[in-house]
Each structure stands twice: as C-alpha cells, then as structure tokens.
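Q: Could you take a close look at one part of this model for me and then place that part in the chain as a whole?

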Amino acid sequence: MHIHSHLPLRLRSLAVAAFAGGLLLSGGAFAQAAAYPGKPVTIVVPYPAGGSNDTFARQVAKELGDELKQPVIIDNRPGASGNTGTGQVAKAAPDGYTLVAVSSSMTTNAAVQSKLPFDPINGLAPVAMFAKGPFIVAVNNEFPAKTPTELIAAIKARPGQYNYASSGSGSVNQFGTELLKAKVGDMQITHIPYKGMGPAVTDLVGNQTQLLISSGPSLLPMVRAGKLRAVGITSLKPSPIAPELIPMSTAVPGYEFELWWGLLAPAGTPADVVAKLNAAVNRILAKPEIAANFLREGAIATPLTPKQFGAVIAEDVERWKKLAKQQNITAD
C-alpha cells in the first residue's frame, strides 16, 4: 500500500486504518464462507407435503445435512401456487440459512401474474438444479388415438369437440398443452381447468375430458393400471422415465416441454456460500441411489452451475410470457 507522504499525519493514520479495516472486512467475508454453515439450514417448500417439490427437497435435505455437517430442516409454507413461501424466502436474510425449493411453475406463475411478491430473476439467487422431467400425454381409454400422430389427427378431425384438462388456469399443464396447440397451429381443443390434479385425473378417467398433459407421477400409475392411455411424452427424445413412449416431437417437430426442480437463495447471498451449496447438491445428485429415486418420481437428476441454472430461469420466464400472450393464458 502506498499512502502519500505529503498528507497530514492525521489523514495518513486514517488512511492506514481504513486500509486495514478493508482487509479485515474482506478477511471476514472469507471467514464467513469458511465457517458456513455454523447452524441449521432451512429449506422452505412453498407447497404442501407430498408433492414433487416436497419429495425432491426432502431427499436432497437428508443428504445435504451430512454434506454440511448441520441439520437441514424442511419447512412447508404452502399458499398462492407457491408464491407465499417463495416470497418469504426472497425477503429473508441473504446468509445461506434460508433457502427455497421451487419448480418451473415459478416461471409460469411469473408469466401470468403481474404482482408476484418477489422478482423471479433478480429477487432470488439460483443455487442448484435438482432435476428435470418431461410430461406424459394421456388420453381417456375411449379416445381414438394410440400415438402422437394419431392424437393430432383425431383432434384436427373434430375441431372444438374435445376437451383438455389442467390443474388450474395458468398451471404448468395448461402451458404444456397450449405450447402443443401453438406448435400445431390449427388444433382446436377446449380447456377445462380444475382445482388441482386429483379431480383433473378423475374426470379424464370418466371421459368428461379427453386429454391431459402432466407429470409422470400424476399419470403413470393410472396408465399402468389400465385406466388411462399414454400416447406420448414431451421430451425431444425418448426418456428413461417411460422409454416405451414416443416423443410428441415425432408428430410436432420442435415440441418439447420439461419441468425442472431446484434450489434458490435470497438475492445477495455471498457467492462463496452459493458455490459451497451448489457443490454439495451436485455431489448428492451424482449418487446412483439418488438418481434412481428421482427417476422413480419421473425426473432425471440434473447438476448445473448457479449461472447455468439462472440462465434456464431467465429463458423460461421470457418464453412463457410470450406464450401466455400468444395463447391468452391467464391466472385464476
């Protein structure tokens, strides 16, 4: 360090003190990351217990406790389609002790709700992706189609005569189906929103609706029990989740719809704390038993860097805003 010798003695001593203070501060930041975590970490799940967000968060939390040598607690805070708990975490202290487990429904929410209690891109820091998984395209057993090509042909042959179900207006299921409609161009099928996935599946079995595009866990048990028929999958290529299913992209070029799950922290969380968490989560995802558990739940373990995960979130928000406008998708 060079302090100008022509400065008065008092100013010189202040400058030296300020420089030393700066060293202490930056040393303190390093010490903070090295000491992290010094107490239990909480992962908020902004949905009720039992859903996919909860399942993946609990599996990761169990292993993360061992990685960090501190308890990792799951705190379910449901409400407003995941917005309540996510908003609370966005306002929490950015110290790495309060995190939130979200899915890509956060980005579809952002596309249809103008007043979110948080900024999905700048209000939260991406930590790690857990997994990605395609949707299953299922029809009622009486529906005259067994493949993606037959499905599109059947709907086009009777425009406006069929209904598709979703778990609510502005839900990921609606986005997945409207993306298909947008890619096909002249596919007329009526949207019937339900309050949740349970009644949507029940009415599909009962033929009140004819089509439902949703996650593997919500549809595959019914398909395997013979109560519904799966005609395709929404990944671009065949998926290990259901290798027997033909990708919808074989009938609709470029159609791809995948859900993701991951971990976020409040914006401003120190980069070295985020890096420590990211490395720990990615080590967990590399464990064969975790990958196998995720696959059973309809998802593929997907390790990314915080920067890569941030890019996925930003791209999704932009893409779904565009689709919502184009297809007139609105929230309840």
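A: **A close look at strand S8**

Happily, strand S8 (residues 228-233) has 6 of its 6 residues buried, so the rest of the structure largely encloses this strand. Buried here means under 20% relative accessible area, with exposed being over 50% and partly exposed in between (1.4 Å probe, protein chains only). Strands are DSSP runs of E with at least two residues, helices are runs of H or I with at least four, and both are numbered from the N terminus.

S8 pairs with strand S4 (residues 124-140) in the antiparallel sense over 5 bridges; pairing requires that DSSP finds at least two bridges between two strands. Within this pairing, isoleucine 233 of S8 is the bridge partner of isoleucine 136.

Stepping back, this is a predicted model, where local features need pLDDT of at least 70, side-chain atom pairs count only at pLDDT 80 or more, and totals for chains, interfaces and linings use all residues. Residues are numbered from 1 along each chain as its sequence is written, and side-chain values use heavy atoms, leaving out hydrogens and water.

The protein chain has 11 helices and 10 strands, and 49% of its 332 residues count as buried. Its C-alpha trace spans about 90 × 40 × 35 Å along the principal axes.

The average pLDDT (the predictor's confidence in each residue, from 0 to 100) is 91 for the protein chain, and 90% of the residues score at least 70. Residues 10-20, however, have pLDDT below 50, and that stretch has 8 contacts in the model beyond near neighbours in sequence, a contact being heavy atoms within 4.5 Å. Where pLDDT is low, the predicted coordinates should not be read in detail.
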